[in-house]
Amino acid sequence: MYILTITTLNPNADGAYFNKWLYSNYPTVTGMAYSATVKLYFSSEPSEADKTTITDKYASLTAADVLVLENIIKV
């Protein structure tokens, strides 16, 4: 098992949106935990490029991403 820890919390990030994106793009994800940090659990260590992509995606999330998810759920 591998744990990727994101230490800088994004106040605009929505866990549900990010979780769905993560599970859809990285099948080795086994879980996640949000507290003072974000801990992402993988069955095997992702590549450095994947770690960067995941961290960058989380950091770039905005409130607009949440609106997209809400519209998808309501339809």
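1. Start with the strand pairing in this predicted model. A33 has K39 as its bridge partner in β3. Another pair to look up is G31, which is matched in β3 by Y41. Taken together, β2 and β3 are held by 5 bridges and run antiparallel, with β3 covering residues 38-42. To get from β2 to β3, the chain makes a hairpin through 3 residues.

2. Now step back to the sheet these strands belong to. It's an open sheet of 3 strands in the order β1-β3-β2, and the pairing is antiparallel. β1 (2-6) and β2 (29-34) are the edge strands, each pairing on one side only. From one strand to the next, the twist averages 15 degrees. As you click along any of these strands, bear in mind that side chains in a regular strand alternate between the two faces of the sheet.

3. What packs on the sheet? Helix α1 does, touching β2 and β3, and its direction makes about 160 degrees with that of β2. Helix α2 packs on the sheet as well, where it touches β1, β2 and β3; the angle between its direction and that of β1 is about 35 degrees.

4. For the overall layout, count 3 helices and 3 strands in the protein. Following the sequence from start to end, you'll read the pattern β-α-β-β-α-α. So much for the order of the elements; the next point is how two of the helices meet.

5. Helix α1 takes in residues 15-25 and helix α2 residues 48-60; their axes come within 11 Å and cross at roughly 155 degrees. An angle over 145 degrees counts as roughly antiparallel, and that is why α1 is described as roughly antiparallel to α2. If you like to check handedness by eye, the crossing of α1 and α2 is right-handed.

6. Which residues make that helix contact? On the α1 side they are Y17, F18, W21 and L22, and they meet T53, I54, K57 and Y58 in α2. By type, the residues of this contact divide into 6 nonpolar, 1 polar and 1 charged.

7. K57 deserves a closer look. This lysine is found in helix α2. Setting aside neighbours within four places in sequence, K57 is in contact with Y17, F18 and W21. With W21 there is a gap of 36 residues along the chain, yet the C-alpha atoms of K57 and W21 are separated by 9.2 Å.

8. Next, a loop residue: S44, which sits in the loop between β3 and α2. Is S44 buried or exposed? Neither, as it turns out: partly exposed means between 20% and 50% relative accessible area, so S44, at 38% relative accessibility, counts as partly exposed. Leaving out residues up to four places away in sequence, S44 touches Y2 and T28. Measure from S44 to T30 on screen and you should get 9.6 Å, C-alpha to C-alpha, for a pair 14 residues apart in sequence.

9. Two whole-protein figures to finish. Of the 75 residues in the protein, buried ones make up 32%. And among contacts with a separation of 6 or more, 66% are accounted for by residues 24 or more positions apart. The K57 and W21 pair, 36 residues apart along the chain, with K57 in contact with W21, is one to look at with that second figure in mind.

Note on methods
Residues numbered from 1 in each chain as written. Predicted model: local features only at pLDDT ≥ 70, side-chain atom pairs only at ≥ 80, totals over all residues. Heavy atoms only, no water. Axes fitted to C-alpha atoms, helices over the stretch in contact; angles between N-to-C directions. Helix = DSSP H or I, 4+ residues; strand = E, 2+ residues; numbered from the N terminus. Parallel < 35°, antiparallel > 145°, perpendicular 65-115°, else oblique. Left-handed = near helix turned anticlockwise from the far one by under 90°. Contact = heavy atoms within 4.5 Å. Nonpolar A, V, L, I, M, F, W, Y, C, P; charged D, E, K, R; others polar. Pairing = 2+ DSSP bridges. Buried < 20%, exposed > 50% of the residue type's maximum accessible area, 1.4 Å probe, protein only.
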